[in-house]
Amino acid sequence: MGVQMRGLVKLGLIIILAVVVAGAGFLIYFRQGADISQLENRLQQPTGIYDLDGNLASTITANKSEGVAIDDIPEHMKQAVVSIEDHRFYEHHGIDYQGILRALVKNAKAGSVVEGGSTLTQQLVKITMLESNRTLKRKIEEFFLAQEVEDEYTKDEILEMYLNQVYFGHGAWGIKKAANVYFSKEVSELSVAESALLAGVINLPSKLDPYKNLDGALKRRDLVLSRMAEHGYLTKDEEASAKKDTVTLIKGEKETDPLKGKYPYFVDHVLSEASSKYGMKLEDLLIKGYKIYTTLDQSMQQATESVYENDANFPVGTSTEEMVQSGSILLDPKTGGINALVGGRGKHQFMGYNRATQLKRSPGSAIKPLVVYTPAVEEGYDITSPLKDEKMSFGEYEPTNLSGVYKGEVPMYEAVMNSLNVPTVWLLNEIGIDKGLDSLKRFGIPYEKEDRNLTLALGGMRKGVSPLQMADAFSAFANNGERIEPHAIIKIENAEGKEVASSKENKTKVTSKSVVDKMNAMLLGTVEYGTAKNAAVSGYEIAGKTGSTQVPIEGVSGVKDQWFIGYTPSLVGAVWAGYDKTDEKHYLTTHSSEGSALIFHKIMAKALQNQTSQSFKTQDIGPFIAEQQAIIAEQKEKEKEDKRKQYWIDKGNEIREGLNKWRNWEVPW
């Protein structure tokens, strides 16, 4: 028997050892597999977009709830949650063994589950990282993940994450939304009684929703208040006073964050720039609480958006089913900073098509100053230099003036001012297309190999340009021949305030100041005397150029694209209008002078209100026009005088012929 007993003991020890080893291995396996990296996506303050003056202008987040920093949550709110959900929260390390034992005893006595043993840390793990199914594997994962979370984060960080992600019922994820949904308050404004009510809802958010079960919610609130007093967070008098508070439910109608989603197209571009220029992931930008300081001018952005909200400001197309689209941008030529932009009309789609920055369309005549006239002036042409204006062909290419009128010869400023096509193509042919392409490159306008032909003089391009690229190019005229790379971001700070990215000025010398002065003179004349009169803003010197492209469909006479790019010494604006897809049923029936130029005028009239008027300090082509008109008038008067003289000469000859007939008449008798 002794031998048998010893054998059984040995066998038992082996079995126990095997169980211990297996259990240890089992625990080690789950411990090693505990991955809390998903908590890196924990809720933060929304990413903030700051304007040029450093003021918070817009916020954005990818989360279904909005975060509140732990320091902005009242102490009594934190105490209420801890008291009812996990009163030993500040003592345990993720797992409350005393709480588990206490719950087991209570549940055994009650014969049912009346109390849970999960800590706040376990609850956080459950709502952020685990499936909701109640399996042994999930409970074990929860056990180890909770300890990993406690190793990695402070108690305040854990409580902040919990309060910002737990469900409070009635569609309210997070404490910020809950405060608004039930009381129309900010979290910092919650009273002790209101905090206790919200803390009580967490246990059974559907059943204890105050809008559906106010009595049940109040009973639970009072229990929370009692627990707060029990754990030393309230005196008996404070507990009694809070229990007497009446509950007034006021559902907040406003967004909990009034800046969320503000200036959507500008924000889209900021996120795009942060991603493409600084290599930042969009997901990180949306969830990690960055502060992005930008070149946004809120008054200019609001001015632009207000114009886009009024359908009457836009040209009417041939289709009433599809909206005529548009994109606009305002740029500071001295810094390259984008002050405002709107990328479309109608409903905005997050990170969708931004016509201010992503559009690729032929610029039409708006390209003439860049590819023809600037290099021509650089080659020695003056603003009064005569250009040929007569029907002609260049190989198989036969450009025509839109008006159908040809004067034989016109001064350069008139060709620019009235956007004459034939003199422009003739001039590019004279200086050479390579000179034009070199100029385009300096202006920052991309082109394809296929664009190397004379049609480029009128905007013929395979891919085309965006309003941003055109505003960038024209900014050289407003900045003494220098172009500064456009940007929307000044710097980016992470949630801790550390700078992680910043812009650096990138200048390009496009042309000389003397060339710019002559270009400004001609482009000022275009707005004051020529095709862009509708873009003028009273009290401000504005230079600019219109541009239109024709519908490329045989038998259809209409406009595909309308452009206007204009500028003052301190602000450049570019506007495009047209259909996203042009066909025989979708095109414009007016030119840019009646469409995009008017949009530009309405935007600039508001955007310039806070800017003092500045002068380009260049010559006015008005005297040249007056001189030419005087010459033309003199020629016409001379022609009239010559006609009068010829008339009387002809009359005299006629009379003399009559007299001669009488003189030579033979008398018949």
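Here is a walk through this predicted model, from its strands and cores to its charged pairs.

Let's start with the strands. E1 (residues 47–50) runs parallel to E3 (residues 291–294), and 3 bridges hold the pairing. To find your place in it, look for Ile49, whose bridge partner in E3 is Ile292. E3 also pairs with E9 (residues 489–493), this time in the antiparallel sense and over 4 bridges. Here Thr294 is a handy marker, with Ile489 as its bridge partner in E9.

Next, the nonpolar interior. As a rule, nonpolar side chains in soluble globular proteins tend to be buried together. In this model the largest nonpolar core has 112 residues, and the members that touch the most others are Leu370, Met412 and Leu427. H18 supplies the largest share of this core, with 8 residues. If you click on Leu370 and skip residues up to four places away in sequence, you will find that it touches Pro375, Ser439, Leu440, Phe443, Ile445, Met470, Ala473, Phe474 and Phe477. Another core, of 45 residues, lies apart from the largest one, and includes Ala80, Val125, Ala179 and Val187.

Now for a helix. H11 (residues 264–278) has 15 residues, so at 1.5 Å a residue it should span 21 Å; its end C-alpha atoms are 20 Å apart, which agrees. Its buried residues are Tyr265, Phe266, Val267, Asp268, His269, Val270, Leu271, Glu273 and Ala274. Just after H11 comes Gly279, with a positive phi near 70 degrees.

On to the charges. The whole structure holds 26 salt bridges, and a few are worth a visit. Lys185 pairs with Glu194, their closest N and O atoms 3.0 Å apart. Are these two partners buried or exposed? Lys185 is partly exposed at 24% relative accessible area, while Glu194 is buried at 15%.

Arg452 and Asp434 make another salt bridge, with 2.7 Å between the closest N and O atoms. Asp434 sits in helix H17 (433–442) and Arg452 in the loop between H17 and helix H18 (467–478), so the pair ties together parts that are 18 residues apart in sequence. Both ends are partly exposed, Arg452 with a relative accessible area of 46% and Asp434 with 48%.

A more local case is Lys513 with Asp517, where the closest N and O atoms are 3.0 Å apart. Both residues lie in helix H19 (residues 513–528), 4 residues apart, or about one turn of the helix. Why does that spacing suit a pairing? An α-helix has 3.6 residues a turn, so residues three or four places apart point the same way. Lys513 itself is partly exposed, at 39% relative accessibility. Elsewhere, Glu448, Glu450, Arg462 and Lys463 are joined into one network by salt bridges that share partners.

Let's finish at Glu541, in the loop between H19 and strand E12 (543–550). Glu541 is partly exposed, at 29% relative accessibility. Beyond its neighbours within four places in sequence, Glu541 is in contact with Leu524, Tyr567, Thr568, Pro569, Gln614, Ser615, Phe616 and Lys617. Lys617 is 76 residues from Glu541 in sequence, yet their C-alpha atoms are 9.9 Å apart in space. What does the side chain of Glu541 reach? The backbone nitrogen of Phe616, at 2.9 Å. A polar contact of 3.1 Å also joins the side chains of Glu541 and Ser615.

Key: Residues numbered from 1 in each chain as written. Predicted model: local features only at pLDDT ≥ 70, side-chain atom pairs only at ≥ 80, totals over all residues. Heavy atoms only, no water. Salt bridge = Lys/Arg side-chain N within 4 Å of Asp/Glu carboxyl O. Buried < 20%, exposed > 50% of the residue type's maximum accessible area, 1.4 Å probe, protein only. Helix = DSSP H or I, 4+ residues; strand = E, 2+ residues; numbered from the N terminus. Expected span 1.5 Å × (residues − 1). Core = buried A, V, L, I, M, F, W, Y, C linked by side-chain atoms within 4.5 Å. Contact = heavy atoms within 4.5 Å. Pairing = 2+ DSSP bridges. Polar contact = N/O pair within 3.5 Å; in protein donor to acceptor, adjacent residues only side chain to side chain.
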